[in-house]
Amino acid sequence: MKNNIPFFFLIVLLLFLSCSSDDSNNTNNDNTDNPPVNSSADISSIVSMFDNIDGVSYVIEDDFIEFTTNGVPNHTSPYWGESHPMYETYNGTNPDFNLNPNLIGSQNIVFRIPRRPEEAEVKEATRLGPIGISVNGVVFFNQYAGPDNQPLTDEINSFDQFAGHPTGGSLYHYHIEPLFLTNTLGRSSFLGLLADGFPVYGPEENNVMVTSDDLDEYHGHTHTTTDFPDEIYHYHITLDDPYINGNGYFGTPGNISQ
């Protein structure tokens, strides 16, 4: 009996070492196969929506997409001036419409937008002026009127029949639903990008009108869309304030120059 004890302990020791080796290998394999936690969508898959738009061009880089736009609309407006072929008198539904004294003029605006947008650790407020680009090259503005972040209560009465108007510097822009785009593309369609790279969609989703109550404080949410079947954070334009964007960008905005 005494002669069998060393052999017994040898067997136990070999089994222990074998189990330890297997556990170590399994741990290494798990680490290798796990996908990166912070993987994000590549928005270059949707930039073809900006193709064949006069005055809009883009360059796809490794980390950014650079858009250049002249900012002029591809639709009629009273802000073209009576001598312009795209001039049309106001024929919208606002009985309080009041033409502002500005006219549409060509610009040179460059957006350098992250190609793979991600949520920012520290959110940044949107500024007055351009905050994004729509699919017809017209820029998006936030929910405020200048110069001191005033509500759009009065300024909204100067929006033309397609819900845009020009600044004193002749920069035409949308603060609210761009009616030419939603009438043409549909109210659930992709309408453009904000400067942080996240897409902007219209006021309908699955044939239901979206309100600000359906969205987070940045005026968006995350799930799959027709254009991004693996899901992506995206903004919605709504009929209620803040219309396009809420309390800042969800992601980190790229550079805007004009």
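# Salt bridges, sheets and core of a predicted model

Q: Is Glu61 buried, partly exposed or exposed?
A: The model is predicted, and the relative accessible area of Glu61 in it is 27%. Buried means under 20% and exposed means over 50%. The value for Glu61 falls in between, so the residue is partly exposed.

Q: Which residue meets Glu61 in a salt bridge?
A: The partner lies in strand E3, whereas Glu61 is in the loop between E1 and strand E2 (64–69), and 51 residues separate the two. The partner is partly exposed, with a relative accessible area of 28%. The N to O distance of the pair is 2.8 Å, and the partner is Arg112.

Q: How far apart in the chain are Arg116 and Asp42?
A: Their side chains form a salt bridge, at 4.0 Å from N to O. Arg116 sits in the loop between E3 and strand E4 (119–124), while Asp42 sits in the loop between helix H1 (5–33) and E1. The pair therefore links distant parts of the chain, and the separation is 74 residues.

Q: Which of Arg116 and Asp42 has a relative accessible area of 24%?
A: Arg116 is partly exposed, with a value of 38%. The value of 24%, also partly exposed, belongs to Asp42.

Q: Which residue forms a salt bridge with Glu119?
A: The closest N and O atoms of this pair are 2.9 Å apart. The partner of Glu119 is partly exposed, with a relative accessible area of 25%. That partner is Lys123.

Q: Which residues do salt bridges with shared partners join into one network?
A: The model has 7 salt bridges. Those that share partners build one network, made up of Asp42, Asp63, Arg115 and Arg116.

Q: Which strands stand at the edges of the open sheet of 4 strands?
A: The order in this sheet is E1-E2-E3-E16, and the pairing is antiparallel. A strand at the edge has a single partner, so one of its sides is left without a neighbour in the sheet. The edge strands are E1 (56–60) and E16 (255–257).

Q: What is the average twist from one strand to the next in the sheet E1-E2-E3-E16?
A: The sheet is open and has 4 strands. From one strand to the next, its twist averages 15°.

Q: Which residue in E16 stands opposite Val110?
A: Strand E3 (residues 109–114) pairs with E16 in the antiparallel sense, over 3 bridges. Opposite Val110 in E16 stands Ser257.

Q: Which strands are at the edges of the sheet of 8 strands?
A: This open sheet has mixed pairing and runs in the order E7-E8-E6-E5-E9-E10-E14-E13. Each edge strand has a single partner, so one side of it has no neighbour in the sheet. The edges are E7 (164–166) and E13 (220–223).

Q: Which residue in E10 is the bridge partner of Gly192?
A: Strands E9 (residues 190–194) and E10 (residues 199–201) run antiparallel and are joined by 3 bridges. In E10, the partner of Gly192 is Val200.

Q: Which element gives the largest share of the largest nonpolar core?
A: This core has 52 residues, and Phe50, Phe67, Phe111, Phe140, Leu194 and Tyr235 have the most contacts inside it. Elements giving two or more residues include E2, E3 and E10. The largest share is 4 residues, and it comes from E9.

Conventions:
Residues are numbered from 1 along each chain as its sequence is written. This is a predicted model: local features need pLDDT of at least 70, side-chain atom pairs count only at pLDDT 80 or more; totals for chains, interfaces and linings use all residues. Side-chain values use heavy atoms; hydrogens and water are left out. Two strands pair if DSSP finds at least two bridges between them. Axes are lines fitted to C-alpha atoms, for helices over the stretch in contact, and angles run from 0 to 180 degrees between N-to-C directions. Buried means under 20% relative accessible area, exposed over 50%, partly exposed in between (1.4 Å probe, protein chains only). A nonpolar core is a set of buried Ala, Val, Leu, Ile, Met, Phe, Trp, Tyr and Cys residues joined through side-chain atoms within 4.5 Å.
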